[in-house]
Each structure stands twice: as structure tokens, then as C-alpha cells.
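Open the model in your viewer and show it as a cartoon. We will start with the whole chain, then select parts one by one.

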Amino acid sequence: MIDTYSVKLSTLVKEFNLEIAFASTDYESIRLTVEDVARPGLQLAGYFDHYEPMRLQVLGNVEMSYMERLEPKKRAATFDRLFSYKFPALLIARNIEPHPECLEMAKKHNVTVLRSRERTSTIVSTIITYLKSALAPRITRHGVLMEVYGEGILLMGDSGIGKSEAAVELLKRGHRLIADDAVEIKRVN
């Protein structure tokens with residue numbers, strides 16, 4: 001059976017040193033379950049077909065400069081529609097200040113707004129890499145994992161059969177021990 005894994009939003013905030021512009025009332029309980037993020041440029045223009053509200057939403061310089069060109073009422077209506085989908089959080093990159101209408105609608109719909117100093121492409125790629133590893137399906141097996149000539153070797157068998165003794169002999173020959181007893185295997189690709 002494959003379990004569904006999740007990452008607490010607060011853990012992501014600490015891991016990437018993100019600033020909280022507005023914390024929703026359920027901030028501490030929000031969990032990310034999707035390994036990808038979304039750049040909702042088309043949604044800001046009104047196109048919501050195939051929209052994925054389960055993803056962390058990221059706005060960068062392009063999206064924020066587009067929103068800057070809108071009249072305040074139109075900007076408020078655009079953010080109102082976007083936040084109505086109740087996604088986990090909105091992350092604004094490049095240390096850009098959120099528009100007052102953005103924060104107003106975030107409060108109305110109770111959606112967390114975060115900020116990052118990083119460039120948009122940098123923060124997006126590092127978050128995706130982090131989430132891919134953290135959310136990867138995994139299993140735990142009883143055994144010893146060794147690196148032998150650059151290859152991973154998993155020694156498995158019943159208790160007392162000699163897995164650890166075989167590992168010691170490989171260690172004596174200059175190979176590397178990765179894990180002993182409980183080996184967690186993640187499928188990241």
C-alpha cells in the first residue's frame with residue numbers, strides 16, 4: 001500500500017526562510033500534498049480551465065507587473081476570484097510587496113500569503129525539488145544498504161543470516177555503508 005505524504009506549510013516556510021505577509025487562521029494545519037507549484041498567470045487573466053488549486057501558487061515579476069497595470073477595482077476582483085479557489089498559499093517572489101487588494105482578498109478568503117527574496121525561477125525550482133523528495137512514495141525494508149563501486153546494493157534476508165557480517169567484509173574492502181537494519185527507499189523519479 002502506498003501512503004500519501006504531505007509537508008506542513010509552516011515547515012516549508014522555515015526551510016526556505018519565507019516571510020509571512022498574512023497567515024490564515026488554519027496556517028499551522030495546512031499541508032502540501034502536490035509536488036508541483038503553479039504560476040497562475042492565465043488565471044489572473046480570467047482563464048480557469050484546467051486550474052490546479054491543490055498547488056502552491058507563485059507570483060513573480062511578470063504576474064505582479066500585470067496586476068499593477070489593472071485599476072484597483074479590477075485588481076480586487078481578479079484577486080477575489082483567484083483566492084476563491086482556496087489553494088494552500090500564495091507565494092510572491094523577488095521580495096515584491098503584495099498589493100493591498102491582494103491582502104484584502106487573502107483575508108476575505110482566509111488564504112496565507114508568503115514572500116520570498118529569491119528570484120521566481122530559483123524559488124520555484126528549489127521548492128519543486130524539495131517537495132519531490134518530501135512527497136515521494138517510499139517503503140522501508142529490513143536489510144543493509146551498501147555502496148559498492150558506485151552502485152547501491154541492498155542485502156536482504158532473514159534475521160541472523162549474516163547481512164551485517166557481509167557488510168563488514170565489504171567495509172573492510174573500502175566500500176561504503178549507507179544504512180543498516182531499516183532501509184527507506186524513495187521513488188523520486
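Two residues are in contact when heavy atoms of theirs lie within 4.5 Å. With that in mind, look at the whole chain. This is a predicted model. Of the contacts with a separation of 6 or more, 66% are between residues 24 or more positions apart.

**Whole chain**

Colour by secondary structure. You should find seven helices and 10 strands. Now turn the chain about. Along its principal axes, the C-alpha trace spans about 70 × 30 × 30 Å. The radius of gyration is 22 Å, while a compact globule of 189 residues would have one near 16 Å.

Switch on the surface. The accessible surface is about 11100 Å², and carbon and sulfur atoms hold 51% of it. Of the 189 residues, 40% count as buried.

Next, colour the charges. There are 26 positive and 25 negative ones, and their mean positions lie 4 Å apart.

**The five-stranded sheet**

Hide the surface and select β2, β4, β5, β6 and β7. These five strands form an open sheet, in the order β2-β7-β6-β5-β4. The pairing is mixed. Which strands stand at the edges? They are β2 (19-22) and β4 (37-38). Each has a single partner strand, so one side of each is left without a neighbour in the sheet.

Zoom in on β4. Its link to β5 (residues 56-59) consists of two bridges, and the two strands run parallel. Pick V37, then look across to β5: L56 stands opposite.

In general, strands of a sheet pair through backbone hydrogen bonds, either parallel or antiparallel. You have just seen β4 and β5 in the parallel form. The next stop shows the other.

**The hairpin**

Select residues 138-148, strand β8, together with residues 151-155, strand β9. These two run antiparallel, and five bridges join them. Find V148 and follow its bridge into β9: the partner is E151.

Now go to the turn. Two residues lie between the strands of this hairpin. Click on Y149, where phi is positive, near 50°.

**A buried serine**

Last, select residues 9-15. This is helix α1, and S10 is found in it. Is S10 buried or exposed? Its relative accessible area is 6%, and buried means under 20%, so S10 is buried.

Show the side chains around S10. Leaving aside residues up to four places away in sequence, S10 touches Y27 and E28. Select both to end the tour.

Key: Residues are numbered from 1 along each chain as its sequence is written. This is a predicted model: local features need pLDDT of at least 70, side-chain atom pairs count only at pLDDT 80 or more; totals for chains, interfaces and linings use all residues. Side-chain values use heavy atoms; hydrogens and water are left out. Two strands pair if DSSP finds at least two bridges between them. Helices (H or I, at least four residues) and strands (E, at least two) are DSSP runs, numbered from the N terminus. The radius of gyration is taken over C-alpha atoms; the globule rule is 2.2 Å times the number of residues to the power 0.38. Buried means under 20% relative accessible area, exposed over 50%, partly exposed in between (1.4 Å probe, protein chains only). Accessible areas come from the Shrake-Rupley method with a 1.4 Å probe; for residues, only the protein chains shown count as cover. Lys and Arg count as positive and Asp and Glu as negative; His and the chain ends are not counted. The place of a charge is taken as NZ of Lys, CZ of Arg, CG of Asp or CD of Glu.
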